[in-house]
Structures are given as C-alpha cells and as structure tokens.
Amino acid sequence: MMVRCLKIGLVAALLSFSAQAEPHLRMVQSHYSAQIQVQDMGTISRSLDQLCRECQAQITNFNVDVNSANGNLNVRVPEDKLGRFCEGLRKIGVVRSENRSSSDNTSSYVEAQRNLEMAEKTLSAQWTVSGSALSAKEKGLVDAEFKAYLRDRINSYRSSINTYQQNQGFAEVSVNLSGTPIPPE
C-alpha cells in the first residue's frame with residue numbers, strides 16, 4: 001500500500017513539474033516598413049487590392065492623394081506570406097528604403113496573464129476596509145473604488161492578452177507611397 005502511495009505521489013509530482021517546465025507559447029511579431037515610389041498613383045489601389053487577395057492580407061489603413069502623389073498603407077499579412085507580399089510590393093514600384101524587424105512579446109504576454117490571474121483572485125477575495133478615521137460610508141466608497149480599479153485592470157490585461165493573441169501569426173506592414181505630383185492647371 002505504501003509503495004502504491006509513493007508511486008502515485010511520484011507521478012503527481014512529475015506531472016506537476018512537467019506542467020511547470022512546459023515552455024510558453026512564443027509571441028513574436030514581424031514588422032516591415034518601406035518607402036516605395038510608384039509611377040501611377042491612380043492605379044495603385046487596384047494593384048494593392050490584388051496583392052492583398054493573393055497573400056490573404058488585410059488592409060487596416062490606406063490613403064492616397066493623387067494630386068500630391070503621396071499615400072500610406074498599413075496591412076496585416078500572415079507571417080508565412082510576408083516574403084511573397086514584399087516581392088509583390090517591388091512589382092508595384094521602386095523600393096527606396098525598407099526595414100524589417102521583429103519583436104518578441106512573450107514575456108509581456110506571460111506577465112499580462114499572471115497579472116490577470118492575480119487581479120481576478122484579488123477581486124474575488126473577501127476583505128474589508130479598515131481604519132478608524134473612515135466612516136462606514138467612506139469605507140464603502142473605498143471598497144467600491146478599489147473593486148472598480150481592479151475591474152479596470154482586469155479589462156486592460158484581457159485586452160492586452162487578446163491583442164497579443166490576435167497578432168500572433170501576422171506581420172505588420174507599413175508603406176509610404178510617393179509618385180509624381182499632378183501639375184496644377
């Protein structure tokens with residue numbers, strides 16, 4: 001019987017240790033920015049729409065002023081299609097400058113998860129406001145304010161976690177477009 005209990009205890013300890021030793025999901029996001037000179041600002045929209053369809057990319061912001069021949073483009077591209085998307089941009093115009101980087105948000109993601117867990121535990125804990133200088137009404141206000149603060153923190157941590165999860169597997173692309181301005185009449 002004692003050997004059986006030791007085996008069960010050992011299995012439980014190993015399972016507990018392996019759960020703690022399991023590495024966290026890596027939260028790495030790529031960023032690409034470029035300045036591109038295009039020939040015809042009037043046709044850029046169609047070309048970009050086609051490129052986005054081919055690469056399953058989502059335009060989050062796009063604006064072009066044909067008169068001044070300037071524009072901006074922000075796109076979310078699946079990470080595995082970023083190279084193909086960048087090659088497509090080179091077909092749209094001449095790349096004058098580009099920058100590619102990545103950010104590892106894993107520790108911030110893990111910290112937000114821990115903070116969320118602690119804030120939820122704190123909110124659910126039974127505690128009372130003490131202090132002889134506070135009236136019963138003031139104690140109630142302090143309690144309400146503290147709980148409201150915790151709810152705000154919980155919402156903030158959830159929002160951060162959600163953003164990290166939504167960005168997982170997507171690269172952020174930012175492009176400045178320029179061309180030849182239309183001469184005034």
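How many bridges join β3 to β5, and do these strands run parallel or antiparallel? There are 9 bridges between β3 and β5, and the two strands run antiparallel. Please keep in mind that this is a predicted model. The tour below starts with the sheet, then spends some time on strand β5, and ends with salt bridges and aromatic rings.

**The sheet**

- An open sheet is built from 5 strands in the order β2-β3-β5-β1-β4, and the pairing is mixed.
- The edges are taken by β2 (58–65) and β4, each with a single partner strand, so one side of each has no neighbour in the sheet.
- From one strand to the next, the twist averages 15°.
- Between β2 and β3 there are 7 bridges in the antiparallel sense, and here Asn61 stands opposite Asn74 in β3.
- Helix α2 (residues 44–54) packs on this sheet and touches β2, β3 and β5. The direction of α2 makes about 170° with that of β2.

**Strand β5 and its surroundings**

- β5 pairs with β1 in the parallel sense over 7 bridges, while its 9 bridges with β3 are antiparallel.
- Two bridge partners help you find your place: His31 has Glu172 as its partner in β5, and Gly71 stands opposite Leu177 in β5.
- The strand has two faces: Ala171, Val173, Val175 and Leu177 make up the covered one, whereas Phe170, Glu172, Ser174, Asn176 and Ser178 make up the uncovered one.
- Two residues of that uncovered face, Phe170 and Glu172, are worth following to Arg76. Glu172 forms a salt bridge with Arg76, with the closest N and O atoms 3.7 Å apart.
- That salt bridge links distant parts of the chain, since Glu172 is in strand β5 (residues 170–178) and Arg76 is in strand β3 (residues 70–78), 96 residues apart.
- Phe170 meets Arg76 in another way: the charged end of Arg76 sits over the ring of Phe170, 4.3 Å from its centre.
- Arg76 counts as buried because its relative accessible area is 14%, under the 20% cut-off. Glu172, at 25% relative accessibility, is partly exposed.

**Other salt bridges**

- Side chains of opposite charge can pair when their charged atoms come close. In this model the count comes to 7 salt bridges.
- One of them joins Asp104 to Arg26, whose closest N and O atoms are 2.2 Å apart. This pair also links distant parts of the chain: Asp104 belongs to strand β4 (residues 94–104), and Arg26 to the loop between α1 (2–21) and β1 (28–37), 78 residues apart.
- Asp104 is partly exposed, at 38% relative accessibility.
- Within helix α4 (residues 106–124), Lys121 and Glu117 meet in a salt bridge of 3.2 Å, N to O. These two residues are 4 residues apart in the helix, which means that about one helical turn separates them.
- Both ends of this α4 pair are partly exposed: Lys121 has a relative accessible area of 48%, and Glu117 has 44% relative accessibility.
- Glu87, Arg90 and Glu98 are joined in a network of salt bridges.

**Aromatic pairs**

- A pair of aromatic rings is described by the distance of the centres and the angle of the planes. The count here comes to 3 aromatic pairs.
- Tyr109 and Tyr164 form an edge-to-face pair, because their planes stand at 85°, with ring centres 6.1 Å apart.
- Since Tyr109 lies in helix α4 and Tyr164 in helix α5 (residues 136–167), this pair ties together parts that are 55 residues apart in sequence.
- Tyr109 is buried, with a relative accessible area of 8%, whereas Tyr164, at 22% relative accessibility, counts as partly exposed.
- Phe146 and Tyr149 are stacked, because their planes are at 25°, and their ring centres are 6.5 Å apart.
- About one helical turn separates Phe146 from Tyr149, because they are 3 residues apart in helix α5.
- Phe146 is partly exposed at a relative accessible area of 30%, and Tyr149 is partly exposed at 48% relative accessibility.
- Ring pairs also bring in Trp127, which joins Phe146 and Tyr149 in a cluster.

Conventions: Residues are numbered from 1 along each chain as its sequence is written. This is a predicted model: local features need pLDDT of at least 70, side-chain atom pairs count only at pLDDT 80 or more; totals for chains, interfaces and linings use all residues. Side-chain values use heavy atoms; hydrogens and water are left out. A salt bridge is a side-chain nitrogen of Lys or Arg within 4 Å of a carboxyl oxygen of Asp or Glu. Buried means under 20% relative accessible area, exposed over 50%, partly exposed in between (1.4 Å probe, protein chains only). Two strands pair if DSSP finds at least two bridges between them. Axes are lines fitted to C-alpha atoms, for helices over the stretch in contact, and angles run from 0 to 180 degrees between N-to-C directions. Contact means heavy atoms within 4.5 Å. Rings of Phe, Tyr and Trp (its six-membered ring) pair if their centres lie within 6.5 Å; planes under 30 degrees apart count as stacked, over 60 as edge-to-face and the rest as tilted. A charge sits over a ring if NZ of Lys or CZ of Arg is within 6 Å of the ring centre and within 35 degrees of the ring normal.
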